[in-house]
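Grab a viewer and work through these short exercises. Try each task yourself before reading its solution.

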Amino acid sequence: MDAHHHLWNLDTHHYPWLKNYDPDSFLGDYTSLMQNYLPEDYAQDSSGHRILATVHCEADHDYSDEVAETRWVHQQAERYGFPNAVVPHIWFHQDNSEEILLGHLKFPLVRGIRSKPVTAPSPDQVARVQGVSGSMQDDKWLSGFSLLEKYHLSWDLRVPFWHLEEAAEVAKAFPDTRIVLNHMGFPWDRSENGLAIWRKGMQALADCPNVLVKVSELGLKDRPWTVECNRSVVLETTELFGMDRCMFASNFPVAGLKISYDQLVNNLAEILDGYSSSQREAFFLAQCQSILPYRVITYLFCR
């Protein structure tokens with residue numbers, strides 16, 4: 001099971017980041033992504049593996065019409081048989097957040113929401129954004145976040161590693177809301193200082209039993225995707241959270257900037273070789289039995 005990928009059609013929908021290139025993106029040169037990525041393309045990329053089910057995560061579609069992406073993805077699911085679950089976007093701090101959420105919920109595959117809080121551009125600027133509108137300390141943002149529990153939805157958490165401790169405070173304040181950390185908290189800075197900040201945040205999240213983690217998007221702007229480069233951060237993550245709270249997620253086509261789908265799966269399998277076959281199977285099937293009485297595959301696909 002692939003717990004996180006994207007699709008987009010630039011001929012019919014507007015994705016600002018794919019129309020207006022950002023040279024400062026953490027992705028580096030992503031011009032190759034600035035074209036349609038349709039179910040046929042995903043099927044081709046993943047053709048070397050038997051994908052049982054997939055989860056589509058919002059792809060920074062034009063946020064003035066968020067439900068349009070959800071509608072289009074459902075049309076793809078009806079035609080191709082996947083994606084099998086959908087995680088769309090709303091802004092928690094806006095006055096119409098519940099209205100937009102209800103628009104998404106008209107579509108049956110919606111299982112969670114990804115909403116990116118305001119974040120700082122670097123660790124030394126975190127204090128400057130704490131408490132501002134749209135931040136994780138903003139009362140209006142927290143009120144909007146509470147809609148997830150009301151409607152039995154999960155939150156896909158996507159913040160840089162220097163905001164992970166703040167996210168853990170949110171997880172503790174809403175213990176009945178399932179939270180799925182995207183991309184292992186973006187361990188971009190592999191220096192000792194950078195990893196120390198990342199580890200502290202990951203430990204804080206791991207201490208919250210309602211938090212799961214997607215092992216995904218380990219590409220670095222300035223180096224290739226290699227087993228040697230990523231082994232330690234992957235294994236630290238699985239040891240902190242336990243394999244039963246970790247899941248495979250490809251983040252294709254974005255991860256394809258650095259690695260093929262086949263090599264991504266093979267590299268992760270090599271890194272996780274020290275785990276038992278049942279643990280590795282649970283990882284690639286995204287089953288999380290420690291979050292009783294749920295498994296992630298149930299929590300994503302069944303209401």
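Below are five exercises on this predicted model, each with a worked solution.

**Exercise 1: confidence**

Task: find the average pLDDT of the protein chain, then find which stretch falls below 50.

Solution. Start with the chain as a whole: its pLDDT averages 94, and 94% of the residues score at least 70. Next, go to residues 288-303, where the pLDDT is below 50. Beyond near neighbours in sequence, that stretch still has 50 contacts in the model. Don't lean on them, though: where pLDDT is low, predicted coordinates should not be read in detail.

**Exercise 2: a helix pair**

Task: work out how helix 3 and helix 4 pack, and which residues meet.

Solution. Two packed helices are described by the angle between their axes and the distance between the axes. For helix 3 (residues 66-80) and helix 4 (residues 97-104), the angle is about 10 degrees and the axes are 9 Å apart. Angles under 35 degrees count as roughly parallel, so helix 3 is roughly parallel to helix 4. Now look at the contact itself. Helix 3 brings Glu-66, Val-67 and Thr-70, while helix 4 brings Ile-100, Gly-103 and His-104. Sorted by class, that contact has 2 nonpolar, 3 polar and 1 charged residues.

Stay with His-104 for a moment: is it buried or exposed? Its relative accessibility is 0%, so His-104 counts as buried. Leaving out residues up to four places away in sequence, His-104 touches Glu-66, Val-67, Thr-70, Pro-88, His-89, Ile-90, Val-110 and Ile-113.

**Exercise 3: aromatic rings**

Task: classify the ring pair of Trp-8 and Trp-17, then say whether each residue is buried or exposed.

Solution. The structure holds 24 aromatic pairs. In the one you're after, the ring centres of Trp-8 and Trp-17 are 5.6 Å apart and the planes sit at 85 degrees. Planes over 60 degrees apart count as edge-to-face, so that's the label for Trp-8 and Trp-17. For burial, the cut-off is under 20% relative accessible area. Trp-8 has 0% and counts as buried; Trp-17, with 19%, is buried as well.

As a follow-up, trace the cluster that ring pairs build from Tyr-42, Phe-82, Phe-248, Phe-252, Tyr-261, Phe-283 and Phe-284.

**Exercise 4: backbone oddities**

Task: locate the cis peptide bonds at Pro-83 and Pro-253, and the positive phi values at Asp-60 and Asn-251.

Solution. First, the background: most residues other than glycine have a negative phi, and most peptide bonds are trans. Phe-82 and Pro-83 are joined by a cis bond with omega about 0 degrees, and Pro-83 lies in the loop between helix 3 and strand 3 (85-87). Phe-252 and Pro-253 also share a cis bond, with omega about 10 degrees.

Pro-253 sits in the loop between strand 8 (246-248) and helix 11 (261-271). Asn-251 is found between strand 8 and helix 11 too; its phi is near 55 degrees, and it is buried, with a relative accessible area of 2%. Finally, Asp-60 has a phi near 55 degrees and lies in the loop between strand 2 (54-57) and helix 3. At 26% relative accessibility, Asp-60 counts as partly exposed.

**Exercise 5: the buried side of a helix**

Task: list the buried residues of helix 8 and what they pack against.

Solution. In helix 8 (residues 164-173), pick out Leu-164, Glu-166, Ala-167, Ala-168, Val-170 and Ala-171 as buried. Among the elements they pack against are helix 5 (126-129), helix 9 (192-206) and strand 7 (211-215).

Conventions
Residues numbered from 1 in each chain as written. Predicted model: local features only at pLDDT ≥ 70, side-chain atom pairs only at ≥ 80, totals over all residues. Heavy atoms only, no water. Axes fitted to C-alpha atoms, helices over the stretch in contact; angles between N-to-C directions. Helix = DSSP H or I, 4+ residues; strand = E, 2+ residues; numbered from the N terminus. Parallel < 35°, antiparallel > 145°, perpendicular 65-115°, else oblique. Contact = heavy atoms within 4.5 Å. Nonpolar A, V, L, I, M, F, W, Y, C, P; charged D, E, K, R; others polar. pLDDT = per-residue confidence, 0-100. Phe/Tyr/Trp six-rings, centres within 6.5 Å; stacked < 30°, edge-to-face > 60°. Buried < 20%, exposed > 50% of the residue type's maximum accessible area, 1.4 Å probe, protein only.
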